[in-house]
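Colleague: I'd like to learn how to read helix packing and aromatic pairs. Could you walk me through a case?

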Amino acid sequence: MGQKCTDPFIYLDYNATAPVRPEAVAATTASLAAVGNASSVHTAGRDAASTVDQARERVAALLGCLPNELIFTSGATEANNLAIRSAATHGRSLVVSAVEHPAVSEAAAAVANSVAGKVYTIGVHRDGTLRLDELEEALAASPVLVSVMAANNETGVLNNLDLVVRLAHEAGALVHSDATQLVGRLPIDLSKLRLDLLSLSGHKFGAPQGVGALFARRGTVPAIRPLAYGGGHERGRRPGTLNVPGIAGLGAAAQAARRDLEQEAARIKVLRDRFETEVMTAVPGTRRNGHPDQRLPGVSSLTFDGLPADALLAAMPGLAASEGSACSSGALEPSHVLLAMGLSRDEADCTIRFSLGHATTADDIDRAVRCVTYATHLVRAALHPNTTTTAPAHSGGQEGTRRHDA
Ligand code: PMP
């Protein structure tokens, strides 16, 4: 019946945030130990500027773009807002998918409102893949921008961006992708994939939190309209003193991720598949969400039949994972992603996202399987005290990330 989770803590919440890679710790620490504003013309300033230049080249190498097509931001939320706001044009509509992160869907709603345009929301199939028929219908309205995420944060489901780009470009629309969950985890080559705009966030692939970037293809995006007024940093597109230590860490994480990408993805997929097979065997009735193959290697979204995710997570305090519901405005809302895929509210409430990454070990997975199995026994025993006799009463609080928009 599994085993109670004890130390060491098992971290399976990489889609919320990943541990900082040692290379990024070293680069950020070195930058913190130095002084210099990257805009200053003296030696200290020029050193900071060259740290930024080097990081820009490393991120560009990871993406297959030009360094000057990147604008450093505080993360993907800002990059998404900057992209959508820059593309918006008076009276023109925007197209987003139903499973976007709120940093895209809410930005699109606000921006469309301010330019007197409309937002078309494209649904997804039961496996989380995009409804291309709905995309084609929305494209008939001549939108100015289509924003479709590269990989979903809750299920890991990947979109066929080549196809989205082709269809959208044929209809004269720009294409943005929130690639927060894909960058640093699977290869991407912007010299071939002709996206116009792409957002990324460093903390999902081993950089410190609070740093990211927007890619804006040279020559195709009309103009980047800054979100704030201020100085001429990032060629006037993102005013404010650059976060040099964070950017140094982002560059180092990009370089390390690029170096290890293929073998890391293959290793993580083996661990994830083993985790799923063993949990689904040990806990009958458990279902996996999302397309079986077309998804990130490290994500597992599992629905535990009749077992609420919050109770399960409380029963495994030594394991960090996320539930498919978010506490917004004091009410527990079911995940919009799972609902868009056709899960019922009850099924969404019984869903947990486990996400693995660069530092996950085989031992973590062995222990996680035992720990999840044990938690399901505890919760079943608590819910049905007369039918189960073996499970001990559970104690302990809850750790780990809970919000589905993390
Ligand atoms: N988009 C997606 C798909 C995400 O998963 C996240 C992070 N949870 C964000 C955007 C926001 O990123 P950041 O934390 O860098 O603002």
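Modeller: Sure, and keep in mind that this is a predicted model. Two packed helices are described by the angle between their axes and the distance between the axes. Here, helix α8 (residues 244–282) packs with helix α12 (residues 362–383) at an angle of about 20°, and their axes are 10 Å apart.

Colleague: How are α8 and α12 oriented, roughly parallel or roughly antiparallel?

Modeller: Angles under 35 degrees count as roughly parallel, and α8 and α12 are therefore roughly parallel to each other. Their crossing is right-handed.

Colleague: Which residues make that contact?

Modeller: On the α8 side you'll find L271, R274, F275, E278, V279 and A282. From α12 come A362, I365, D366, A368, V369, V372 and T373. Sorted by class, the residues of this α8 and α12 contact are 9 nonpolar, 1 polar and 3 charged.

Colleague: Okay, let me try another pair. What are the angle and axis distance for α5 and α6?

Modeller: Helix α5 (residues 132–139) and helix α6 (residues 161–170) pack at about 25°, with axes 10 Å apart. So α5 and α6 are roughly parallel to each other, and their crossing is right-handed. In the contact, L132, L135, E136 and L139 of α5 meet L163, V164, L167 and A168 of α6. That contact of α5 with α6 has 7 nonpolar, no polar and 1 charged residues.

Colleague: And how do α3 and α4 cross?

Modeller: The axes of helix α3 (residues 76–87) and helix α4 (residues 102–114) come within 9 Å and cross at roughly 35°. α3 passes α4 in a right-handed crossing. T77, N80, N81, I84 and R85 of α3 meet A103, V104, A107, A108 and V111 of α4. By class, the contact of α3 with α4 has 6 nonpolar, 3 polar and 1 charged residues.

Colleague: Now the rings, please. How many aromatic pairs are there?

Modeller: The structure holds 3 aromatic pairs. A pair of aromatic rings is described by the distance of the centres and the angle of the planes. Take F304 and F354: their ring centres are 6.5 Å apart and their planes sit at 75°, so the pair is edge-to-face.

Colleague: Where do F304 and F354 lie?

Modeller: F304 lies in the loop between β10 (299–303) and α9 (309–314), while F354 is in strand β15 (residues 351–355), so the pair ties together parts that are 50 residues apart in sequence.

Colleague: Are F304 and F354 buried or exposed?

Modeller: Both F304 and F354 are buried. Together with F275, they form one aromatic cluster. You've met F275 already, among the α8 residues in the contact with α12.

How values were computed: Residues are numbered from 1 along each chain as its sequence is written. This is a predicted model: local features need pLDDT of at least 70, side-chain atom pairs count only at pLDDT 80 or more; totals for chains, interfaces and linings use all residues. Side-chain values use heavy atoms; hydrogens and water are left out. Rings of Phe, Tyr and Trp (its six-membered ring) pair if their centres lie within 6.5 Å; planes under 30 degrees apart count as stacked, over 60 as edge-to-face and the rest as tilted. Helices (H or I, at least four residues) and strands (E, at least two) are DSSP runs, numbered from the N terminus. Buried means under 20% relative accessible area, exposed over 50%, partly exposed in between (1.4 Å probe, protein chains only). Axes are lines fitted to C-alpha atoms, for helices over the stretch in contact, and angles run from 0 to 180 degrees between N-to-C directions. Angles under 35 degrees count as roughly parallel, over 145 as roughly antiparallel, 65 to 115 as roughly perpendicular and the rest as oblique. A crossing is left-handed if the near helix is turned anticlockwise from the far one by less than a right angle, and right-handed if clockwise. Contact means heavy atoms within 4.5 Å. Ala, Val, Leu, Ile, Met, Phe, Trp, Tyr, Cys and Pro count as nonpolar, Asp, Glu, Lys and Arg as charged, and the others, Gly among them, as polar.
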